[in-house]
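Student: I'd like a close look at one part of this model: the aromatic side chains and what sits around them. Take me through that part slowly, and bring in the rest of the chain where it helps.

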Amino acid sequence: MPPSSSTHQQLLAIDETVTLIPGLPNDVASLILSFIPYSHHSRLKPTCKLWYVFFSSKTLVFDRQKFRCHSHLLCIFPQDPSISFPFLFDPAHLAWRPLPPLPCNPSTYSLCNFTSISLGPHIYLLGGSHFDARSFPLDRPLPSGSAFRFNFITYTWERIAPMISPRGSFACAAVQGLNQIIVAGGGSRHSMFAAAGSRISSVERYEVAGNKWVEMDGLPRFRAGCVGFVAEESGEFWVMGGYGGSRIVSGVFPVDEYYRDAVVMELKNNDVDDGGGKWREVGDMWGEGQRARLGKIVVLEDEDRRRPEVFMLDETDILWYDMALNRWQKETTVPRKAPYGKSFGFVVLDGELHVMTLLNGLDLTETRRRQHKKAGTLFIQIYHPKKKTWRSLVTKPPFYQPLDFSTAVMCTIRL
């Protein structure tokens, strides 16, 4: 399979007599090197100038997508990404690679509740809540409308058009077929405040080709802290759970009032120039007393483009959402509970559900405790929904501080 013309021209520009792999034509060598896992590319770039150009070429990323030899990676933002390095994690090879921090704004600080999402070969970082030294009072969290995209070719963050309505703690989903991102709801919620901040109902979509945000029909009511996903076959954008108003307990403490329902927007007949389809409301997904709020949600995409499988982590139980019955059904239970005071992380990678928690060296007796006692150990329990089986793996994370999955932001990407 020959490489694309741009990559071929780059290779010839160096030296026509030099080959990627001695004794092999460049078209064969480039195909072989394309199958090397992405987590190893940074170590192979310094091999020679030719390899540096090849592993830095834009066509390599798209060729890996085309030949389905991509790596499914997890991107973790442990804290404010302008002061703390995000990391890419390859669970298939237990490899970590840092990403550069977000460009710093000297007037704002403590960014949280932002959303990260992948679309094509890019990671997008959208919105969030932060504090602004130019505002008064200083302890009031403000929503952010800023948006960034990470370019894996230049390995830098690029600022893109800001959202029309600043927001944090919002629903977000990528529409792969239209090369768009949809955001809904949110507000100025900050992790330091139990129920402070505003709520909004606005909805907008980002069009990658035009680098612009377009307003869509708003949610039926205010909703923040919600989760969104797209069912592309049916052309539906789902927004689940979240909270609306709040009530005061003992005349002092604000407490969120959580939703038990979902709302759905039809996207299939959506014209680019209009405000989007109409919303329909889905009734309560659980009854009184079953649970207080929606747990952590992940969506397992089906390669056959059928309806996505939606799973929720509710403490130590994993539930599956039955769209026909509008009910959560128990799927399985996590074999090992999280240590006291620590939370689980929940993501989908390569068709499997990954339940992650950070252990210290004394929590994992079968590992080499002296090596892991200081930095901690990331313990990952992996469930295969089709095979109904569990397995686990252990890795040492590179973070300088303990990873808190209750506030860390994560997304997955194929490269």
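Tutor: Here's a walk through the aromatic side chains, followed by a few other spots along the chain.

First, the ground rules. This is a predicted model, so local features need pLDDT of at least 70 and side-chain atom pairs count only at pLDDT 80 or more, while totals for chains, interfaces and linings use all residues. Residues are numbered from 1 along each chain as its sequence is written, and side-chain values use heavy atoms, with hydrogens and water left out.

Now the setting. The secondary structure of the protein chain comes to six helices and 29 strands; these are DSSP runs, numbered from the N terminus, with helices being H or I over at least four residues and strands E over at least two. Of the 415 residues in the protein chain, 52% are buried. Buried here means under 20% relative accessible area, exposed means over 50%, and partly exposed is in between, with a 1.4 Å probe and protein chains only. If you take the contacts (heavy atoms within 4.5 Å) between residues at least 6 apart in sequence, 54% of them join residues at least 24 apart.

On to the rings. A pair of aromatic rings is described by the distance of the centres and the angle of the planes. The rings of Phe, Tyr and Trp (its six-membered ring) pair if their centres lie within 6.5 Å, and planes under 30 degrees apart count as stacked, over 60 as edge-to-face and the rest as tilted. By that rule the structure holds 22 aromatic pairs. Take F77 and W157: their ring centres are 6.3 Å apart and their planes sit at 50°, so this pair is tilted. F77 belongs to strand β1 (residues 72-77) and W157 to strand β10 (residues 156-160), so the pair ties together parts that are 80 residues apart in sequence. F77 is buried at a relative accessible area of 1%, and W157 is buried at 10%. For another geometry, look at F87 and W96, with centres 6.4 Å apart and planes at 75°, so that pair is edge-to-face. F87 counts as buried too, at 11% relative accessibility.

Back to F77 and W157 for a moment: both belong to one aromatic cluster, which also includes Y38, F114, F150, F152 and Y155.

W279 deserves its own stop. This Trp lies in strand β20 (residues 279-282) and counts as buried at 16% relative accessibility. Leaving out residues up to four places away in sequence, W279 touches V203, D217, G218, L219, P220, F237, V239, V263, V264 and M265. Two of those neighbours also take part in polar contacts, meaning pairs of N or O atoms within 3.5 Å; within protein, one must be able to donate a hydrogen and the other to accept it, and residues adjacent in sequence count only if both atoms are side-chain atoms. The W279 side chain reaches the backbone oxygen of D217 at 2.9 Å and that of G218 at 3.0 Å. In sequence W279 and G218 are 61 residues apart, yet C-alpha to C-alpha they are 8.4 Å apart in space.

Some rings have a charge for company. That counts if NZ of Lys or CZ of Arg is within 6 Å of the ring centre and within 35 degrees of the ring normal. R291 lies over the face of W286, at 5.5 Å from the ring centre, and R336 lies over the face of F379 at 5.3 Å.

A different kind of spot is E288, in the loop between β20 and β21 (296-300). E288 is exposed, with a relative accessible area of 66%. Its side chain makes a polar contact with the side chain of R260 at 3.1 Å; the C-alpha atoms of these two residues, 28 residues apart along the chain, are separated by 9.2 Å.

Last stop, H354, in strand β26 (residues 352-359). H354 counts as buried at 3% relative accessibility, and its side chain reaches the backbone oxygen of E352 at 3.3 Å. Not counting residues up to four places away in sequence, H354 touches G345, F346, V347, L349, I380, Q381 and I382.
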